[in-house]
Amino acid sequence: MDPLRQSASPCSSRPSSPKTPPCEMLGYVGIEAVLDQLKIKAMKMGFEFNIMVVGQSGLGKSTMLNTLFKSKVWKCTLPGLAMPTPQTLQLKSVTHVIEEKGVKLKLTVTDTPGFGDQINNDKCWNPILGYINEQYERYLQEEILITRQRHIPDTRVHCCVYFVPPTGHCLRPLDIEFLQRLCRTVNVVPVIARADSLTLEEREAFRRRIQHNLRTHCIEVYPQKCFDEDINDRILNSKIRDRIPFAVVGADRQHLVNGRCVLGRKTKWGIIEVENMAHCEFPLLRDLLIRSHLQDLKDITHNVHYENYRVCRLNESHVLPHGPCWVNLAPTPPGPSVAPGPSKACTQAREDSDDN
Amino acid sequence: MLSPQTRLAPVSLHLLRSLSCLVKRVAEPEARTSAPRILLGLQHVVERGVAARVQAAGVSVALERVVSGPTATFAEGESCGLSPLTPAGGPHAIPPPTASARARRLTPLPGEANGPFQAGSHVALIKREGRRRGGSRCRCLRAGAGCWQSAAAREARGRRAGAGARARAGAAASVGGEHPGAAGVGAAAAMAVAVGRPSNEELRNLSLSGHVGFDSLPDQLVNKSTSQGFCFNILCVGETGIGKSTLMDTLFNTKFESDPATHNEPGVRLKARSYELQESNVRLKLTIVDTVGFGDQINKDDSYKPIVEYIDAQFEAYLQEELKIKRSLFNYHDTRIHACLYFIAPTGHSLKSLDLVTMKKLDSKVNIIPIIAKADTIAKNELHKFKSKIMSELVSNGVQIYQFPTDEETVAEINATMSVHLPFAVVGSTEEVKIGNKMAKARQYPWGVVQVENENHCDFVKLREMLIRVNMEDLREQTHTRHYELYRRCKLEEMGFKDTDPDSKPFSLQETYEAKRNEFLGELQKKEEEMRQMFVMRVKEKEAELKEAEKELHEKFDLLKRTHQEEKKKVEDKKKELEEEVNNFQKKKAAAQLLQSQAQQSGAQQTKKDKDKKNASFT
């Protein structure tokens with residue numbers, strides 16, 4: 001009963017059919033040099049990564065980004081006192097090029113100030129979904145050109161980090177609604193924000209409850225169970241899935257602790273070290289997002305979410321709502337009113353195609 | 001990051017002392033001339049205590065007023081990041097007496113917590129302005145390890161305010177063990193350094209202050225690719241018996257099962273065979289396509305056609321997969337030809353016309369690597385002349401062979417040196433001969449042994465280097481980005497798709513798809529109608545035929561019946577006659593018997609009676 005996938009995992013190894021018999025090589029040929037060639041090519045081209053943070057204001061999204069990438073990704077984390085709180089949800093994107101040991105990464109972060117801040121938060125996920133779909137649309141338009149570029153610029157959101165406020169109870173209806181909708185379109189990693197307000201036991205209980213909620217509502221967060229390729233992946237990912245959502249604390253200040261300089265938050269009762277596993281689970285999040293699963297995030301976005309979007313789009317182009325820069329395809333036929341959100345249309349289409 | 005609680009009073013001394021020095025050091029004549037004015041303005045600001053707490057807007061407003069003039073506008077985003085201090089250039093610059101006097105006057109401002117703030121912000125502002133106007137250098141620094149303070153110090157050292165680092169460090173050190181202050185200093189300094197960029201640039205280079213960890217990205221990518229496996233397809237074009245299969249065996253150090261082809265093929269056909277090779281953890285799905293019967297026919301006009309068709313068919317298959325609505329490109333077994341090895345016969349003179357024609361047809365579809373086969377039949381000096389002749393012929397005929405890439409520094413050198421030896425003169429052999437004290441692949445002749453892997457003997461090693469060890473990935477990339485894209489473009493334009501229509505409104509593939517689909521459906525419907533009509537007509541014909549036949553049958557039946565009846569009547573008539581005759585005969589018989597009995601009864605009267613009777617019976 002998986003609405004996402006109907007066939008094998010997107011990154012599975014190609015099966016060897018009986019038509020391709022295995023051959024024994026009697027000596028060294030040098031095929032493995034292709035790995036180095038790949039690496040050189042990748043380093044030359046550079047990498048791209050697009051991350052989106054969603055959550056209510058004050059949960060520490062911008063700080064978390066700064067902590068993750070150890071630089072001032074967002075200049076101003078505190079809103080100016082003169083600036084009014086945004087009335088509607090706005091999406092702000094900023095792009096940076098960061099380099100480490102010769103590896104260039106073009107990082108685009110998208111922030112969503114104003115999410116869940118209004119009194120009536122109905123359909124507050126629509127702008128976000130619209131933005132994500134707009135990126136898919138942009139990529140699709142580039143891909144179906146006749147003369148297309150050598151390297152299509154990838155602005156699709158690879159990962160969406162969702163900040164759950166540390167109430168300690170369970171997921172709120174807003175969280176559940178949002179997660180349900182978003183998990184079908186993008187890789188979502190939920191985190192418990194500002195976890196320094198919860199004790200360790202409270203954290204565990206909260207985590208279990210959130211996991212239970214996610215299971216009850218059939219929300220598949222990253223790493224999705226259905227994309228595990230082999231047994232090693234499954235073991236690794238189950239460990240991660242056990243700890244999702246991570247309880248994180250963000251800080252971009254340095255303090256001296258026992259002679260070491262650490263990132264942390266200083267309070268009257270102590271210093272919360274961000275990179276200390278005993279204090280919070282920020283290292284897990286960082287490892288997941290950057291050090292081990294970044295390529296996997298991109299692959300799943302490209303092979304699964306983008307393909308799903310493409311199928312929807314090519315099948316039901318007249319049902320999806322039009323964004324500001326979308327090509328006006330076939331005129332909307334006079335019929336019943338269109339579905340409210342693009343994801344719903346997609347799910348409908350998918351369910352139809354499932355039924356067929 | 002400005003936080004209202006940070007107290008910097010101890011630093012203000014240093015700060016204000018160097019304020020004037022800094023203003024002087026900004027190295028802008030305008031700034032210097034207006035220095036007194038600025039300082040005055042500062043004084044105003046400080047004394048009036050304008051702009052209560054650290055409000056970003058507030059600070060910027062105040063400074064705007066003060067900094068009007070030479071140090072024109074600064075991007076508003078910066079105001080947030082203004083640090084409360086950046087002392088610099090203390091020991092070096094000689095402060096003008098007036099300025100320092102003023103500075104000293106400014107120094108002891110009790111209870112004015114915001115004074116030093118704003119002074120400091122102003123200082124930072126000017127400093128940044130100067131730096132920017134002077135032409136800021138690219139900030140894309142390699143991230144070193146370590147905390148921000150040292151990083152900031154290191155960065156600052158690289159900048160014009162070189163002495164500032166020392167002063168800053170000094171100031172920072174002098175702040176002493178006040179941790180938040182130090183942190184604030186460090187953070188602020190780093191911030192002032194790292195953030196100072198106008199925000200109207202699209203891409204910002206950010207400097208990292210610690211190890212983030214995405215340098216493992218290439219490894220992640222490589223791991224993914226390794227688990228997926230690689231695909232490589234080679235096409236070998238050459239006459240029968242020129243050594244294609246042997247060369248493949250030698251290249252990949254294995255024995256691919258194949259039977260040698262005969263020379264009796266009626267036409268050229270392509271035979272593709274796939275194999276799975278594994279080396280350490282790299283899996284390669286290798287497909288070798290052979291041209292069977294190439295150059296064997298008497299009329300070789302159409303020799304190139306099957307080859308071109310095969311290549312196009314692979315492109316077409318990929319294009320179809322790509323255009324599908326529900327596609328699975330990551331699972332797709334890529335059969336497009338990545339490299340074409342063209343085997344040139346070792347005549348020693350020049351290229352054959354068949355070779356030229358075929359290569360010309362193939363050069364826009366596939367990466368061609370020409371090689372001279374059976375190179376052990378050519379002497380060294382002849383070989384050199386042969387090679388240059390071939391290359392000049394290729395150039396003069398405009399054949400585009402594969403160029404080894406020279407844009408990447410790591411491989412440019414080796415590629416450049418190897419390109420000189422094109423076309424490679426190769427010898428293939430799977431048999432091993434003992435040379436010295438080890439076995440090597442070689443061909444044994446009565447006059448010597450040709451070693452395959454000896455660079456003096458042939459270019460096999462160069463070919464293997466170029467084809468497999470250095471450029472395999474580039475070959476695949478060229479196939480995908482150049483040849484396949486060209487094919488795709490031509491094919492789609494042929495099918496009637498365009499990117500923009502004459503009104504310069506962007507078309508979409510989808511729209512033309514729909515149009516084509518409707519057209520196709522219409523055609524289908526028409527065909528269906530036609531077929532239905534034909535069917536109906538045929539049915540009618542058949543019916544008519546059947547009716548005819550039925551009628552005939554009926555007639556026949558009637559005829560038969562009639563004849564049957566006639567016969568029957570005849571037979572009955574005959575029967576009646578027969579019966580009559582029989583009756584008559586019986587009557588006669590009866591009568592005769594009676595007479596006989598009467599004659600016997602009366603003997604006498606017999607004669608008379610007999611005579612009478614006889615007369616009577618006779619009459």
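How many residues does helix α18 of chain B have, and how far does it reach from its first C-alpha to its last? In this predicted model, the helix covers residues 472-495, which makes 24 residues, and its span is 33 Å, close to the 34 Å expected at 1.5 Å a residue. That doesn't rule out a kink along the way: at B:Tyr484, α18(B) bends by about 35°. Keep following the chain and, just after the helix, you hit B:Gly496, which takes a positive phi of about 105°.

Staying in chain B, let's turn to a sheet. Six strands make it up, in the order β3-β4-β2-β5-β6-β7; it is open, and the pairing is mixed. The edges are β3 (269-279) and β7 (424-425), each of which pairs on one side only. Look inside that order and you'll find β2 (residues 230-237) running parallel to β4 (residues 282-292), with seven bridges joining the two. To find your place in the β4(B) strand, use B:Ile288, which stands opposite B:Ile234.

Now over to chain A. This one has nine helices and nine strands. Of its 356 residues, 55% are buried. As for its contacts, take those with a separation of 6 or more: 69% of them are between residues 24 or more positions apart. On the outside, chain A has an accessible surface of about 15,900 Å², and carbon and sulfur atoms account for 56% of that.

A good spot to zoom in on is A:Ser71. You'll find this serine in the loop between α2 (61-69) and β2 (92-100) of chain A. Is A:Ser71 buried or exposed? It counts as buried, because its relative accessible area is 4%, and the cut-off for buried is under 20%. Leaving out residues up to four places away in sequence, A:Ser71 touches A:Asn66 in its own chain, plus B:Leu206, B:Ser207 and B:Leu208 from chain B.

Finally, a word on the cysteines. A disulfide is a covalent bond between the sulfur atoms of two cysteines. How many disulfides turn up when the whole structure is searched? The count is zero, over all chains. Two cysteines are worth a look for their exposure. A:Cys226 has a relative accessibility of 28%, so this residue counts as partly exposed. B:Cys490 is partly exposed too, with a relative accessible area of 44%.

Terms used: Residues are numbered from 1 along each chain as its sequence is written. Chains are lettered from A and ligands numbered from 1 in the order in which they are written. This is a predicted model: local features need pLDDT of at least 70, side-chain atom pairs count only at pLDDT 80 or more; totals for chains, interfaces and linings use all residues. Side-chain values use heavy atoms; hydrogens and water are left out. Helices (H or I, at least four residues) and strands (E, at least two) are DSSP runs, numbered from the N terminus. The expected span of a helix is 1.5 Å times one less than its number of residues. The bend at a residue is the angle between axes fitted to the seven residues ending there and the seven starting there. Buried means under 20% relative accessible area, exposed over 50%, partly exposed in between (1.4 Å probe, protein chains only). Contact means heavy atoms within 4.5 Å. Accessible areas come from the Shrake-Rupley method with a 1.4 Å probe; for residues, only the protein chains shown count as cover. A disulfide is a pair of cysteine sulfur atoms within 2.5 Å. Two strands pair if DSSP finds at least two bridges between them.
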